[in-house]
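Good morning, colleagues. Please look at the model on the screen while I go through a few local features, then the pockets and the cores.

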Amino acid sequence: MFELPRIEHRTVEVDGVEVFYRESIPARPDAPTLLLLHGFPSGSHQFRALLQALGGQYRLIAPDYPGFGHTSAPADFEYSFDRLADVIEGFVEAIDLRRFAMYVFDFGAPIGFRLALRHPEWIAGLVVQNGNAYEAGLSDGAKGFVALRPEQEGAEDTIRGLLTLEGTRGQYEHGVPDPSVLSPESWLLDQHFLDLPGRKEAQVALAFDYQSNVDSYPEWQRWLREYTPPTLVVWGVEDPFFTEPGAHAYLADVPDAELHLFDTGHFALETHLPEIAPLIAKFLDRL
């Protein structure tokens, strides 16, 4: 008989932040653990299909960051990538994770690499899906976005243009050969959370802080060279932000990394889950 995995939805308090997370309960108590770190402008809901696909075999844990999804942060929370990493670090400690693989996508990469630098002993392996760590992976548009500064006239308006329904939907559809495979609920749910009070202001603050990630690329690359974690790279090559050279760049620092490229855009799981999920399963089995 076919059995669906049990998925639980919980919250845990971390320094005044109520962190919402999804967790699959695998049949084996000693099953490998994969921490799923979501991207912009999404949340843990972007992993719902992956949780259903792999949750019966592996322990998958997907938190929402402050400013995203169902997580609730205090009104005076200061949004930066360092602070998001602080909260996810506290989350990992609160649920007593000791050793796990990380799935890093988009914003999940700067958060995940900050965790790796702070706690290399935690990281059993990396699944990198359009999670950039190299200047070679930045498109011209991404470079222009990263260069925006608060004092620059029109800079905030440029950022807020991405926070509209048109901007959110475009991130899903760009580079996808057949948009009929995309579920409209994905961008509609993202937009629902973006439109909550204070959420756009949080995103503006994070956008202006993105330069801190680019500045940290050399440090992340040194970590990869030093620890050479088992690494699976899956990449949508039509990503408007993070280009294909960013995927190949990982091989310079982790020569044994496994690389798979897909003819799709930024949200590769939305279009290629049937191809990507088995790759993740085989990777976790090897760990």
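N130 is buried in this predicted model, because its relative accessibility is 0%, under the 20% limit that defines the term. The residue sits in the loop between β6 (123-129) and α4. Its phi is positive, at about 50°, although N130 is not a glycine.

N130 leads us directly to H266, since the two appear together in a contact list. Leaving aside neighbours within four places in sequence, H266 is in contact with N130 and Q129, with F40, F105 and D106, with Q171 and H174, and with D239, P240, F241 and F242. H266 belongs to the loop between β8 (258-262) and α11. Is H266 buried or exposed? With a relative accessible area of 0%, H266 is buried.

One of those partners, F40, deserves a further remark. The peptide bond from F40 to P41 is cis, and its omega is near -5°. P41 itself is found in the loop between β3 (33-37) and α1.

A contrasting case is T228, in the loop between α9 (211-227) and β7 (231-236). T228 is also a residue other than glycine with a positive phi, here near 35°. Its relative accessibility is 42%, so T228 counts as partly exposed.

Let me add the hairpin of β1 and β2. Strands β1 (residues 6-14) and β2 (residues 17-25) run antiparallel and are joined by 9 bridges. V14 stands opposite V17 in β2. There are 2 residues between the strands, and D15 takes a positive phi near 50° in this hairpin.

I turn now to the pockets. The largest pocket has a volume of about 320 Å³. Which of its 19 lining residues are the closest to its centre? They are F40, F107, F145, L162 and F241. F40 and F241 are thus shared with the contacts of H266. Two elements, α4 (140-146) and α8 (199-209), give two or more residues to the lining, and α4 gives the most, with 4 residues. By class, this lining consists of 13 nonpolar, 5 polar and 1 charged residues.

For the second largest pocket, the volume is about 180 Å³. Its lining is made up of H45, Q46, R48, A49, L50, S183, E185, S186, L269, E270 and L273. At least two of these residues come from each of α1 (48-54), α7 (184-194) and α11 (268-286). The composition here is 4 nonpolar, 4 polar and 3 charged residues.

Finally, the cores. As a general background, nonpolar side chains in soluble globular proteins tend to be buried together. The largest nonpolar core in this model has 63 residues, and those that touch the most other members are L35, F91, M102, F113 and Y250. Helix α2 (residues 81-94) gives the most to this core, with 6 residues.

Where does F113 make its contacts, sequence neighbours within four places left aside? F113 is in contact with L126, A133, W220, W223, L224 and Y250. Y250 is therefore both a partner of F113 and one of the core members named a moment ago.

A second, separate core has 32 residues, including L34, L269, L273 and I280. L269 and L273 also line the second largest pocket, which links this core to the pocket lining just described. Thank you for your attention.

Notes. Residues numbered from 1 in each chain as written. Predicted model: local features only at pLDDT ≥ 70, side-chain atom pairs only at ≥ 80, totals over all residues. Heavy atoms only, no water. Core = buried A, V, L, I, M, F, W, Y, C linked by side-chain atoms within 4.5 Å. Buried < 20%, exposed > 50% of the residue type's maximum accessible area, 1.4 Å probe, protein only. Contact = heavy atoms within 4.5 Å. 1 Å grid on protein atoms, 1.4 Å probe; cavity = no way out; pocket = protein on both sides within 12 Å on 5 of 7 lines; lining within 4 Å. Points joined across faces, edges and corners; volume = space filled by probe spheres on them. Nonpolar A, V, L, I, M, F, W, Y, C, P; charged D, E, K, R; others polar. Pairing = 2+ DSSP bridges.
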